[in-house]
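Subject: Structure handover

Dear colleague,

Please find below the structure that I am passing on to you, together with its sequence. My notes on what was found in it follow.

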Amino acid sequence: MTEDKTQRLQKSGGLTNRRVSADDKLHEECGVFGIFDPQGADVAPSIYYGLCALQHRGQESCGIAVCDTQGPKGNMNVHRGMGLVNEVFNGETLSHLHGNLGVGHVRYSTTGETTLANAQPLVLNYIKGTLALAHNGNLVNTDSLRQDLTRDGAIFHTTTDSEVIAYCIAKERVHTASVEEAILRTAERIRGAYGLVIASPRKLIGVRDPLGLRPLCLGKMGSSYIIASESCALATCGAQFVRDICPGEIVTITRDGISSNMQMAASQRAHCIFEYIYFARLDSVIDGISVYESRLRAGAALARAYPVEADMVAGVPDSGITAAQGYAAQSGIPFGLAFYKNSYVGRTFIKPTQKEREASVRVKLSVLEAAVRGKRLVLVDDSIVRGTTIANLIHLLKQAGAKSVHVRICSPPFLHPCYFGTDIPSNRQLIASSHTEEEIRQLIGADSLGYMKIQDLQSMVGELPLCRACFDGQYPMDVENR
């Protein structure tokens, strides 16, 4: 990217020192996994493999908590750490995690600091016993709940809304006959997006928010039942997908089987569109919709809306690849690879200077010069947040000899922040909030630019009701302290 464009993006708010990933992408808060084997086998290895499959949902910290349902009640064994799943766990650590009931978590922080104290699962010892909780999502009434709990004497050890949920359950449990009733009462108080897996000494419980903003599914492996954020985690463990947990449903798994409570179910649904555009793994199926097929349909919709004469269609790895194939199939323009992705880099977080930002992009992606030289390219990506990464990639493609680069984006322009667990920053850091599409095209150096039309989003998922507030500002619920 030229110095002139760098300065213009910096002045426009396209560049920021806010702590986000160097790839200038959005990030989900986390992934959850829970399993109960009534026959008594250790479940920690299965949780490990499930978390590896959910690693794309969070790379900052992870943890596993297990207990033996046949042992002393309330004996919960937990191991947490900062980093990737295979960095935190090994054969030795897993060998010490004995128990046939457990929950696991991978985290990317949108609420709370990046510290070990905020790593999950949270394990709470209280008057009725022990509780392990893993949470995916974000509450919108955290402040008022935290104030109420603090007035009642609660002492918080983390800065996460997940601990607020755990304390609410513990408080309600004192006055209820079962942990399920305490969870139901808590679900009636909390508002926002959540997929929860909770382990009490004898039960595994899954809870999904009434709007269905965050995904949660049920699987079975032999005698074991599994609750996970995505179906890809089930496949990795060798489990069979049973069904999606319904929005507003509370599922309880015990030695006697499965029970379901639908008291929190609502008529309104608002599933997060970004699960299909970017967050979910390609091989997952969420609420009956194949993520792979939804991205093919996104690319086809872009081809219909923004046709262009070109020699090759390419995608930005990884989330843009499938949509690019959809664009190519619809348009008749050949699909090809424009970049090689280095899979061995690991995590590269944002650096304080533009030179280091550009270097982090080049370390992860390099241009296949022989594939792009002399060609008119259509470049497909999932989103533009600040514009820094796409501008760098366009610069690299043209430097390698591409005649033109026509950018197609699988989402509409971001105009509003997300309050439900997606790391969409404040308005001033969103390039589309202060620039027209033509201005953005000029800033990133594209020969043409086409964003997904809001009305075309539905074509990706059929009749599934969507939350698209980050594009149109129509939030599906009131948000505290907006």
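Among contacts in the protein between residues at least 6 apart in sequence, what percentage join residues at least 24 apart? The share is 71%. Please keep in mind throughout that this is a predicted model.

On the overall make-up, the protein has 17 helices and 23 strands, and of its 482 residues 60% are buried. Its accessible surface amounts to about 18,300 Å², and carbon and sulfur atoms account for 49% of that area.

Two strands may be worth viewing one after the other. In strand β5 (residues 122-126) the side chains alternate, with Leu 122, Leu 124 and Tyr 126 pointing to one face, where they are buried, while Val 123 and Asn 125 point to the other face and are not buried. This strand pairs with β6 (residues 129-139) in the antiparallel sense over five bridges, and the hairpin that joins β5 to β6 does so through two residues. Within this pairing, Leu 122, one of the buried residues of β5, stands opposite Leu 133 in β6.

Strand β17 (residues 312-315), by contrast, is covered on both faces, since Met 312 and Ala 314 on one side and Val 313 and Gly 315 on the other are all buried. It runs parallel to strand β20 (residues 376-381), to which four bridges join it, and Gly 315 of β17 stands opposite Val 380 in β20.

A further position to look at is Ile 277, which is found in helix α9 (residues 274-279). Its relative accessibility is 2%, and Ile 277 therefore counts as buried, the cut-off for that term being under 20% relative accessible area. Leaving aside neighbours within four places in sequence, Ile 277 is in contact with Arg 295, Ser 319, Asp 382, Cys 410, Ser 411, Leu 457 and Met 460. One of these partners, Ser 411, lies 134 residues from Ile 277 along the chain, yet the C-alpha atoms of the two are separated by 7.3 Å.

Turning to the surface, Phe 335, Leu 337, Tyr 340, Tyr 344 and Leu 368 make a nonpolar patch of about 560 Å². Leu 337, which belongs to this patch, sits in the loop between α11 (319-331) and β18 (339-341), and with a relative accessible area of 47% Leu 337 is partly exposed.

With best regards

Methods: Residues numbered from 1 in each chain as written. Predicted model: local features only at pLDDT ≥ 70, side-chain atom pairs only at ≥ 80, totals over all residues. Heavy atoms only, no water. Buried < 20%, exposed > 50% of the residue type's maximum accessible area, 1.4 Å probe, protein only. Contact = heavy atoms within 4.5 Å. Areas by Shrake-Rupley, 256 points an atom, 1.4 Å probe, with all protein chains shown as cover. Pairing = 2+ DSSP bridges. Patch = residues over 30% accessible without salt bridge, like charges linked within 9 Å, V, L, I, M, F, W, Y side chains within 5 Å. Salt bridge = Lys/Arg side-chain N within 4 Å of Asp/Glu carboxyl O.
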